[in-house]
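Trainee: I am new to this structure. Please take one part and look at it closely, then fit it into the rest.

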Amino acid sequence: MAALTGAEVADLAATTVRELNQALHAPEPAPAWRVLNPRGAHSVACGLRDEVTIDIEGHVGYYCAGMNQRATVTVHGNAGVGVAENMMSGTVRVRGDASQSAGATAHGGLLVIEGNAAARCGISMKGVDIVVGGNVGHMSAFMGQAGRLVVCGDAGDALGDSLYEARIYVKGTVKSLGADCVEKEMRDEHLTELAELLKAAEFDEDPADFRRYGSARQLYHFKVDNSTAY
Amino acid sequence: MCGIVGLHLREPSLEPRLGELLAAMLGQVVERGPDSAGVAVYGDMRLSPPGRAVVSLLGVTPEQASTALPRAGVVAADAATVVHAESPVAELLAAIATALPQATAIGSGEGFAVLKGTGNPVQLAESFGLAGVTGYQGVGHTRMATESAVTPEGAHPFSVGPGQCLVHNGSFANHATIRRELQAQGVEFDSENDSEVGARFVAHHLARGTDLEKALRLLCERFDGFYTLLVSTTDSFAVVRDAIACKPALVAETDAWVAMASEYRALDVLPGIENARIFEPEPEEVYVWQR
């Protein structure tokens, strides 16, 4: 523990994730960190509350940068299940691929995945912006409530299933739309919004190449006519 | 939860390290299933000498096996006892059924052995002597019991056909129905475990001449529930996930090996992982690698 105080390099070959996270949770953590040898460890850089910058040099396991507030976390590798889960603010960037449930239930901030994201990217998103450079897996933005999901590649089955109010932009193909998700008109304000998101994510894509999807709002109210369907 | 690891070697020079690598992989998924564990290893000279029938047993001590089967070789491995003999597999199984009626066969065939027991997976791997095992292919499992009791019989792998193995993360919802259907066709079961039903289903189809890829596609059609499966035979290594794909799976592939695990950290122990092609299997897509 003492070895980490005030230091900016944390080598997970020599330090536990718990020690790293405790150091990052200190009242005044160092402003910039490099994390070495993550080797798929779980819960790296979770629960951050301060404006720190963290570069993780390698692949991480589950729930990296979960519950993030204000911090800027970059994973120079792949991320496991639930990266940036329940993020509140700040930025999380994955240079490689992300596993399932990236950005799940996140309320705010920006999650950028430069590679592909697997199934259920943005499940139950509540205000986060997620920009994916590659493809997303099936049931992405499932039960999305607020925020924006941008997919520069293709989307898998059941995109936006049971969507509430999150907005989805896809450049490539959509294998299928989930229940109550429909394609919507791309108006000027959407092109402007998308351009801002792509710029924030540092992707050089043309907003005009994207299509917009959203909720048809047919599942908001119980319809007795459908009662036999359950 | 449950943790799955598997390693299929392409590079023969790695074969002396199979057990060491498999033990390291298993150690990374202990938290996923700390109640019991098991492994199947293909090609170890001590556990499965070439040209000899091999049967892995629960419910008997090595001494009981040596006494009852004086001409067989006996290898002790924690709760499991491995017996091998120079005879057809069916004859060895019949001799065991007669001489050791209390025994449960947890694997039979040539060139492979199954070891399993209850307790901490790392300690089990040590008691199996896993780090010293050699061979060309291995699968391992750490179990978090959900569908049946914590017993050696309920631990994975389930090996119910010659040289075949199945390990499972998840749960089958309709296993009781399929169990009754298979029982009606004469299939016998050793445990109440849902995963055994999957293994019996696959073995049942393989025994009828179906290839592994087709058998796993049939399983996808018939089984409800959550599953990531790693299924192996003496020449194949296969992965399949259900349509929802909520149970994790990662495959890493290099020229020297193919590996599958529930979590990346179990793959990180492998030589050359930094240059591996890593991907998540697509839902209901059957991946098969042949030897």
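Mentor: I start with one helix of chain B, then widen the view to both chains.

First, the ground rules. This is a predicted model, in which local features need pLDDT of at least 70, side-chain atom pairs count only at pLDDT 80 or more, and totals for chains, interfaces and linings use all residues. Residues are numbered from 1 along each chain as its sequence is written, chains are lettered from A and ligands numbered from 1 in the order in which they are written, and side-chain values use heavy atoms, with hydrogens and water left out.

Now find helix H3 of chain B, residues 89-99. Helices (H or I, at least four residues) and strands (E, at least two) are DSSP runs, numbered from the N terminus. Three residues of H3(B) are buried: Val89(B), Leu92(B) and Ile96(B). Buried means under 20% relative accessible area, exposed means over 50%, and partly exposed lies in between (1.4 Å probe, protein chains only). Look down the axis of H3(B): the buried residues fall within an arc of 65 degrees, so they line one face of the helix. That arc is taken from the directions from the helix axis to the C-beta atoms.

Turn to the face of H3(B) away from the buried side. There sit the exposed residues Ala90(B), Glu91(B), Ala97(B) and Thr98(B). The cover over the buried residues includes three strands of chain B: S3 (53-58), S5 (80-85) and S6 (104-110). Cover here rests on contact, meaning heavy atoms within 4.5 Å.

Step back to the whole of chain B. It has eight helices and 15 strands. Of its 291 residues, 59% count as buried. Take the contacts between residues at least 6 apart in sequence: 72% join residues at least 24 apart. The C-alpha trace spans about 50 × 45 × 35 Å along its principal axes. A compact globule with 291 residues would have a radius of gyration near 19 Å, and chain B, at 17 Å, agrees. That radius is taken over C-alpha atoms, and the globule rule is 2.2 Å times the number of residues to the power 0.38.

Two loops of chain B deserve a stop. Ser13(B) lies between strand S1 (3-9) and helix H1 (18-27). Ser13(B) is exposed, with a relative accessible area of 52%. Its C-alpha atom is 9.1 Å from that of Ala256(B), 243 residues away along the chain. Pro157(B) sits in the loop between strands S8 (137-143) and S9 (165-172). A cis peptide bond, with omega about 0 degrees, joins His156(B) to Pro157(B). Most residues other than glycine have a negative phi, and most peptide bonds are trans.

Chain A comes next. It holds two helices and 11 strands. From the N terminus, the order is β-α-β-β-β-β-β-β-β-β-β-α-β. Buried residues make up 51% of its 230 residues. Of the contacts in chain A with a separation of 6 or more, 23% come from residues 24 or more positions apart.

Two serines of chain A have positive phi. Phi of Ser124(A) is near 55 degrees. This residue lies in the loop between strands S6 (110-113) and S7 (126-132). Ser124(A) is buried, at 15% relative accessible area. Phi of Ser162(A) is also near 55 degrees. Its loop runs between strands S8 (146-151) and S9 (167-170). Ser162(A) counts as partly exposed, at 22% relative accessibility.
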